Amino acid sequence: MNNSARILMTGAGGLGIAILLFRGIFSLPGFGKYPGPYGDVINTIAPFERQITNVVTAVNFDYRALDTLGEESILFGAVSGIVLLLRSKRGESPDSPAQPPADHRPVEARSDAISWVSLVLIAVTNLFGIYMVIHGTLTPGGGFQGGAILGTASMLVYIAGGYRAYRKSTTKELTEVVEAIAAGSYSLIGIGSMLAGQAFLANVLPLGSRDTVLSGGDIPVINYAVGLEVAAGFALLFSEFLEETRALKPENRS
């Protein structure tokens, strides 16, 4: 296929996607004009059926828990793929020592102000992330949002103390194990529902009382597993990207 044909096919495909995109945008209902009954039904029944006040969490981890399992699997697969590509590119083996900074990627000196502010933010960010995960059944937030915050907090360790501090506080081996266990726990919870005689990912645990962090049956358990998996996934990605800043090109290796 010559260049002209490639350009023609790319242009035709892009035009088709643009038409579909703009048609979808202009077909959206006006702000505040919700046309379907499903949201209204869920808002009405979920607080009583699942004893939680955050209806979004009920939808994510109960009413459409199987869909969310797919979303978590996409995140897990994306992290695994990035790790595989970066490590194979670096030729890293389990026994390889940490590389020094590459000559063309110098590490800038950090000021004392940045280090101290980052140290304070580590505590604040971790507390806020934990709060978001734990209160996912009560207030806006949950495992995905809180996990992203907790994962970001691990990067503050690098900003505050540098690469060595990050490696000591976030070991790749432990992070990989935690991410794998947390990701697999979602499916294990569904299998547990089947062992209890219900459908896969059916809510079988006691629902508890509304306005408590452990209300909702299986929902908080899945929520915590997702939060742990997202946090570990982000931390693992940061670790791999930091390794990239220290990987030497083949021609620069001694």
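**Helix packing in an all-helical predicted chain**

Let me begin with one pair of helices: α3 and α9 count as roughly perpendicular to each other, because the angle between them falls in the range of 65 to 115 degrees. I should say at once that this is a predicted model, and that what I describe this morning is computed from it. Helix α3 covers residues 55-63, and where it packs on α9 the angle is about 90°, with the two axes 9 Å apart. On the α3 side the residues that take part are Thr57, Ala58, Phe61 and Asp62, and they meet Ile219, Ile222, Asn223 and Val226 of α9. Sorted by class, this contact is made up of five nonpolar residues, two polar ones and one charged one.

Now let me step back to the whole chain. The protein chain has nine helices and zero strands, and when it is read along the sequence the pattern is simply α-α-α-α-α-α-α-α-α. It has 254 residues, of which 35% count as buried, and its accessible surface comes to about 15200 Å², with 68% of that belonging to carbon and sulfur atoms. If we take the contacts between residues at least 6 apart in sequence, 71% of them join residues at least 24 apart.

A second pair shares helix α3 with the first. The axes of α2, which is residues 38-49, and α3 come within 10 Å and cross at roughly 75°, so this pair, too, is described as roughly perpendicular. From α2 the residues in contact are Ile42, Asn43, Ile45, Ala46, Pro47 and Glu49, and from α3 they are Val55, Ala58, Val59 and Tyr63. By class there are eight nonpolar residues here, together with one polar and one charged residue. You will notice Ala58 in this list, and Ala58 also appeared among the α3 residues that meet α9. In the loop between α2 and α3 sits Gln51, whose phi is near 55°, a positive value in a residue other than glycine. As a reminder, most residues other than glycine have a negative phi.

Let me turn to α5 and α6. Helix α5 runs over residues 112-134, and for its 23 residues we should expect a span of 33 Å at 1.5 Å a residue; the C-alpha atoms at its ends are 33 Å apart, so the two values agree. Its buried residues are Ser115, Ser118, Ile122, Thr125, Gly129, Met132 and Val133, and among the elements that cover them are α6, residues 143-161, and α9. In general, an α-helix has 3.6 residues a turn, so residues three or four places apart point the same way.

Helix α6 has 19 residues and reaches 27 Å from its first C-alpha to its last, close to the 27 Å expected. Its buried residues include the glycines Gly143, Gly146, Gly147 and Gly151, along with Ile149, Leu150, Leu156, Val157 and Tyr158. The cover over the buried residues of α6 includes α5, α7 (residues 163-169) and α9. Just after α6 comes Gly162, with a positive phi of about 95°.

What, then, does Ser239 touch, once its neighbours within four places in sequence are left aside? Ser239 lies in helix α9, residues 218-244, and it is in contact with Tyr166 and Lys172. Its relative accessibility is 5%, and because the cut-off for buried is under 20%, Ser239 counts as buried.

I will finish with two residues from the α8 part of the chain. Ala182 has its place in helix α8, and at 3% relative accessibility it is counted as buried. Leaving out residues up to four places away in sequence, Ala182 touches Glu72, Ala225, Leu228 and Glu229. Of these, Leu228 is 46 residues from Ala182 in sequence, yet their C-alpha atoms are 6.0 Å apart in space. The other residue is Leu201, found in the loop between α8, residues 172-195, and α9. Leu201 is buried, with a relative accessibility of 6%, and its phi is near 65°, which is again a positive value in a residue other than glycine.

Definitions and conventions:
Residues are numbered from 1 along each chain as its sequence is written. This is a predicted model: local features need pLDDT of at least 70, side-chain atom pairs count only at pLDDT 80 or more; totals for chains, interfaces and linings use all residues. Side-chain values use heavy atoms; hydrogens and water are left out. Helices (H or I, at least four residues) and strands (E, at least two) are DSSP runs, numbered from the N terminus. Buried means under 20% relative accessible area, exposed over 50%, partly exposed in between (1.4 Å probe, protein chains only). Contact means heavy atoms within 4.5 Å. Accessible areas come from the Shrake-Rupley method with a 1.4 Å probe; for residues, only the protein chains shown count as cover. Axes are lines fitted to C-alpha atoms, for helices over the stretch in contact, and angles run from 0 to 180 degrees between N-to-C directions. Angles under 35 degrees count as roughly parallel, over 145 as roughly antiparallel, 65 to 115 as roughly perpendicular and the rest as oblique. Ala, Val, Leu, Ile, Met, Phe, Trp, Tyr, Cys and Pro count as nonpolar, Asp, Glu, Lys and Arg as charged, and the others, Gly among them, as polar. The expected span of a helix is 1.5 Å times one less than its number of residues.
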